[in-house]
Amino acid sequence: MPAATEAASERFQGLDQWKTTGILEALWAGQSRAVAACLPALPAIERAVEDAAARLGSSGRLIYVGAGSSGLIAALDALELASTFDWPDERLAIVLAGGLDFSRGLDSGTEDDPEAARTRMRGLDCTAADVVIGVSASGTSRFTVAALEEARQAGAGTMAVACNAGSALLAAALHPVLIETGAEVIGGSTRLGAGTAQKLVLNLFSTALMVRLGAVFDNLMVNVRPENEKLRQRCVAMVARIAGCGPETAADAIARTGSVKLAVLALAGVDGERAGAALGNAGGNLRKALGTCPKPE
């Protein structure tokens with residue numbers, strides 16, 4: 001019996017002869033089922049987040065591993081962490097079968113090379129402070145399985161995201177996350193429902209992790225890098241909201257301090273080196289740093 005993600009559902013036989021409206025409705029329904037399939041996985045994702053937050057500290061790395069479409073989805077989640085949450089570039093690694101050069105498309109054959117994965121993981125010198133996330137819709141990618149096995153042997157935290165129960169990838173991880181999306185509308189095309197579910201799970205994991213690590217205050221992305229005008233205005237709005245001041249005052253504080261967090265601390269009466277020290281002692285958590293500020297008389 002083929003894995004669920006590889007099965008060709010009888011429900012969609014003759015799809016090529018359906019009206020376009022029917023095709024779109026079937027695809028939409030498949031996406032909806034994929035999102036619903038993530039709900040039972042929340043407890044497993046929670047355990048992975050809590051473990052990752054405890055491991056990463058001030059030096060651990062997030063390492064994303066995958067092949068094919070799953071690898072692209074993993075890379076997308078990884079690459080967004082810097083601009084959104086100011087996750088340091090040196091604390092991020094992406095290990096894709098075939099590498100990150102997509103100018104000639106995806107090299108599907110590389111996902112069958114476990115030794116290449118082991119070699120690349122050994123080159124990263126994983127430790128218990130690192131967290132490795134492996135993604136494979138089928139859960140059978142030999143490249144991704146081998147990478148997780150190597151990382152776990154080195155003591156790193158490991159999380160696997162796969163759509164087939166009992167798959168090798170789930171067995172290789174300390175934190176297996178199963179999302180049973182079932183047969184695709186187009187048999188075996190896991191860029192559809194399985195792809196949507198994988199992206200959602202990674203989004204949930206990384207965002208919750210960044211909240212736990214202090215990159216969010218209330219529901220504001222206070223670590224965002226102000227790399228364009230839209231983001232600079234967003235930073236001003238965040239400082240104004242948190243500090244309870246006008247936009248001009250907020251913009252001046254950002255100009256003086258260089259960041260949202262330091263600007264908020266400055267407006268709370270903690271400026272210069274004391275603000276940096278307070279934030280450092282709080283592990284970068286603005287709420288904790290504000291809690292150490294002297295109360296106004």
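**Note on the sheet and helix packing of a predicted model**

1. Strand E3, which spans residues 131–135, is mostly covered, since five of its five residues are counted as buried. The model is a predicted one, and the remarks below should be read with that in mind. The covering of E3 concerns both of its faces, with Val131, Ile133 and Val135 buried on one side and Val132 and Gly134 buried on the other.

2. The neighbours of E3 can be named on either hand. With strand E1, made of residues 62–66, E3 pairs in the parallel sense over five bridges, and within this pairing tyrosine 64 has isoleucine 133 of E3 as its bridge partner. With strand E4, made of residues 157–162, E3 again pairs in the parallel sense over five bridges, and here valine 132 stands opposite threonine 158 of E4. The connection from E3 to E4 deserves a look as well, for E3, H6 and E4 together make a right-handed β-α-β unit.

3. Taken as a whole, the sheet is open and has five strands in the order E2-E1-E3-E4-E5, with parallel pairing. Strand E2 (92–96) and strand E5 (175–178) stand at the edges, and because each has a single partner strand, one side of each is left without a neighbour in the sheet. From one strand to the next the twist averages 15 degrees.

4. At the E5 edge, E4 and E5 pair in the parallel sense over four bridges, and alanine 162 finds its bridge partner in leucine 178 of E5. Helix H2, residues 42–56, packs on the sheet and touches E1, E3, E4 and E5, its direction making about 145 degrees with that of E5. Helix H5 also packs on the sheet, where it touches E1, E2 and E3, and the direction of H5 makes about 170 degrees with that of E2.

5. Helix H5 (residues 114–124) has a helical partner too, in that its axis and that of helix H6 (residues 142–153) come within 7 Å and cross at roughly 35 degrees; the crossing is right-handed. On the H5 side the contact is made by Pro114, Ala116, Ala117, Arg118, Arg120, Met121 and Arg122, and on the H6 side by Arg142, Phe143, Ala146, Ala147, Glu149, Glu150 and Ala151. Sorted by class, the residues of this contact between H5 and H6 divide into eight nonpolar, no polar and six charged.

6. A second helix pair is formed by H1 (residues 20–37) and H8 (residues 193–212), which pack at an angle of about 35 degrees with their axes 8 Å apart, and the crossing of H1 and H8 is right-handed. Gly30, Gln31, Ala34 and Val35 of H1 meet Gly193, Thr196, Ala197 and Leu200 of H8 in this contact. By class, the contact of H1 with H8 has four nonpolar, four polar and no charged residues.

7. One residue of that contact may be followed individually, namely leucine 200, which is found in helix H8. Is leucine 200 buried or partly exposed? With a relative accessible area of 27%, leucine 200 is partly exposed, because that value lies between the 20% under which a residue counts as buried and the 50% over which it counts as exposed. Leaving aside residues up to four places away in sequence, leucine 200 touches Val35 and Cys38. The C-alpha atoms of leucine 200 and aspartate 77 are separated by 9.7 Å, although these two residues are 123 residues apart along the chain.

Methods. Residues numbered from 1 in each chain as written. Predicted model: local features only at pLDDT ≥ 70, side-chain atom pairs only at ≥ 80, totals over all residues. Heavy atoms only, no water. Axes fitted to C-alpha atoms, helices over the stretch in contact; angles between N-to-C directions. Helix = DSSP H or I, 4+ residues; strand = E, 2+ residues; numbered from the N terminus. Left-handed = near helix turned anticlockwise from the far one by under 90°. Contact = heavy atoms within 4.5 Å. Nonpolar A, V, L, I, M, F, W, Y, C, P; charged D, E, K, R; others polar. Buried < 20%, exposed > 50% of the residue type's maximum accessible area, 1.4 Å probe, protein only. Pairing = 2+ DSSP bridges. Right-handed = clockwise from strand over helix to strand, strands pointing away.
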